[in-house]
Amino acid sequence: MSGLKNILLLMLICSSPAMAGLSVFVSVLPHKMLVEQIGGKHVDVSVMVGKGFNPATYQPTPRQLAQLANAELYLRTGVPFEDSWLPRIRSVNPRMPVLDLREGVELMPVDRHAHADHGAVLDPHIWTDPLLLEHQAALVRDLLQRRLPEYADEFAANYQRLSHQLQDLDQEIRRMLDGVAQRRFLVFHPAWGYFARRYGWLQLAAEHEGKEPNARELALLIEQAMQQGIRKVIIQPQNNSKTARTLAQAIRGTLVVADPLAEDYFSGLRDFARLLGESSD
């Protein structure tokens, strides 16, 4: 029996795909794209929060935790599940470096009325601003160059290509939103704050620090949306809230879906910009 077990184990090992390069874990899909674009064939990237899952409530699977035990790099971005799980991840792999992709970024509070230096909850959705994603790409480039110096020139060239693509996307979004007069949008979960700051919009959010609005807050939001002619409530595909539907009905509007965690980053931001332009017609 033991011989059979050994044979089966050997077959499993032989059938497992070989690692293509440096084993890197990221928290969200947009950063998977980023690392793959810069690292190319020299990185093997895994994402914690896959398609359809919510970073606020996500719990890593046993398989992911097993893989993390052998990972060589983790890129964090400040999404909620990291606070509770990163200490545990570090405990299974204490030598794994962790790069904080918030380095050098002027972080925004989730609540637009709060101050970042007064203990406010900070918005982790930095990547919704393509120029801030470009900054994060430079952090990744620099780290990969330190870890794999023999490929430094390749990483630099890959970064330059991605940088140009992100700058082009920024200019495309500006053209799409040029001339739009009404620059406020209503979301259920406040995931688009950095996008709003970059392009001169104001994000109104129903949810606050992960909590749904109470009756008074909801009434105030409805009044504000009605006064400003907002007729769409933007939700994420990861969220399913009765409150969002109630809000849409109250403003005599509709629910529309936009995904800040889209796997196709460029299409996701274009679609969101297009949605804002249509909402303001």
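Reader: At what angle do α2 and helix α6 pack?

Author: This is a predicted model, so take each value as computed from it. Helix α2 spans residues 29–39 and α6 spans residues 152–177, and their axes lie 7 Å apart. The packing angle comes to about 130 degrees.

Reader: Are α2 and α6 parallel, antiparallel, perpendicular or oblique to each other?

Author: Start from the angle of about 130 degrees. Roughly perpendicular ends at 115 degrees and roughly antiparallel begins over 145. The angle falls in the remaining range, so α2 and α6 are oblique.

Reader: Which residues of α2 and α6 make the contact?

Author: Both helices put in several residues. On the α6 side, they are F155, N158, Y159, R161, L162 and Q165. On the α2 side, they are M33, L34, Q37, I38 and G39.

Reader: How many residues of α2 are buried?

Author: Helix α2 is mostly covered. Its buried residues include L29, P30, H31 and K32, and also M33, L34 and V35. I38 and G39 are on that list too. Out of eleven residues, the buried ones number nine.

Reader: Is G39 buried or exposed?

Author: G39 sits in helix α2. The cut-off for buried is under 20% relative accessible area. G39 has a value of 0%, so G39 is buried.

Reader: Leaving aside its neighbours within four places in sequence, what is G39 in contact with?

Author: One partner comes from far along the chain: G39 and L144 are 105 residues apart, yet their C-alpha atoms are separated by 7.3 Å. The other partner belongs to α6, on its side of the helix contact. Together, the two partners are L144 and F155.

Reader: Which residue with a positive phi follows α2?

Author: Helix α2 runs over residues 29–39. Just after the helix comes a residue with phi near 55 degrees, and that residue is G40.

Reader: What kind of unit do β1, helix α2 and β2 make?

Author: Strand β1 covers residues 22–26 and runs parallel to β2, with five bridges joining them. One bridge links L22 to V43 in β2. With α2 included, the three elements make a right-handed β-α-β unit.

Reader: How many residues of strand β2 are buried?

Author: Strand β2 takes in residues 43–47, five in total. The strand is mostly covered, and its buried residues number four.

Reader: In what order do the four strands of the open sheet come?

Author: The pairing in this sheet is parallel. The edge strands, each pairing on one side only, are β6 (202–205) and β8 (254–257). Neighbouring strands are turned by 40 degrees against each other on average, direction ignored. Read across, the order is β6-β5-β7-β8.

Reader: What is the bridge partner of K232 in β8?

Author: Strand β7 is made of residues 232–235, and it pairs with β8 in the parallel sense over four bridges. K232 is part of one of these bridges, and its partner in β8 is T254.

Reader: Is R252 buried or exposed?

Author: R252 is found in the loop between α9 (242–250) and β8. Its phi is positive, about 55 degrees, although R252 is not a glycine. Its relative accessible area is 67%, and the cut-off for exposed is over 50%, so R252 is exposed.

Reader: What share of the 281 residues in the protein do buried residues make up?

Author: Zooming out, the protein has ten helices and eight strands. It exposes about 14,500 Å², with carbon and sulfur atoms supplying 51% of that. As for the buried residues, their share is 47%.

Terms used: Residues are numbered from 1 along each chain as its sequence is written. This is a predicted model: local features need pLDDT of at least 70, side-chain atom pairs count only at pLDDT 80 or more; totals for chains, interfaces and linings use all residues. Side-chain values use heavy atoms; hydrogens and water are left out. Helices (H or I, at least four residues) and strands (E, at least two) are DSSP runs, numbered from the N terminus. Buried means under 20% relative accessible area, exposed over 50%, partly exposed in between (1.4 Å probe, protein chains only). Accessible areas come from the Shrake-Rupley method with a 1.4 Å probe; for residues, only the protein chains shown count as cover. Two strands pair if DSSP finds at least two bridges between them. Axes are lines fitted to C-alpha atoms, for helices over the stretch in contact, and angles run from 0 to 180 degrees between N-to-C directions. A crossover is right-handed if, with the strands pointing away from the viewer, the path from the first strand over the helix to the second runs clockwise. Angles under 35 degrees count as roughly parallel, over 145 as roughly antiparallel, 65 to 115 as roughly perpendicular and the rest as oblique. Contact means heavy atoms within 4.5 Å.
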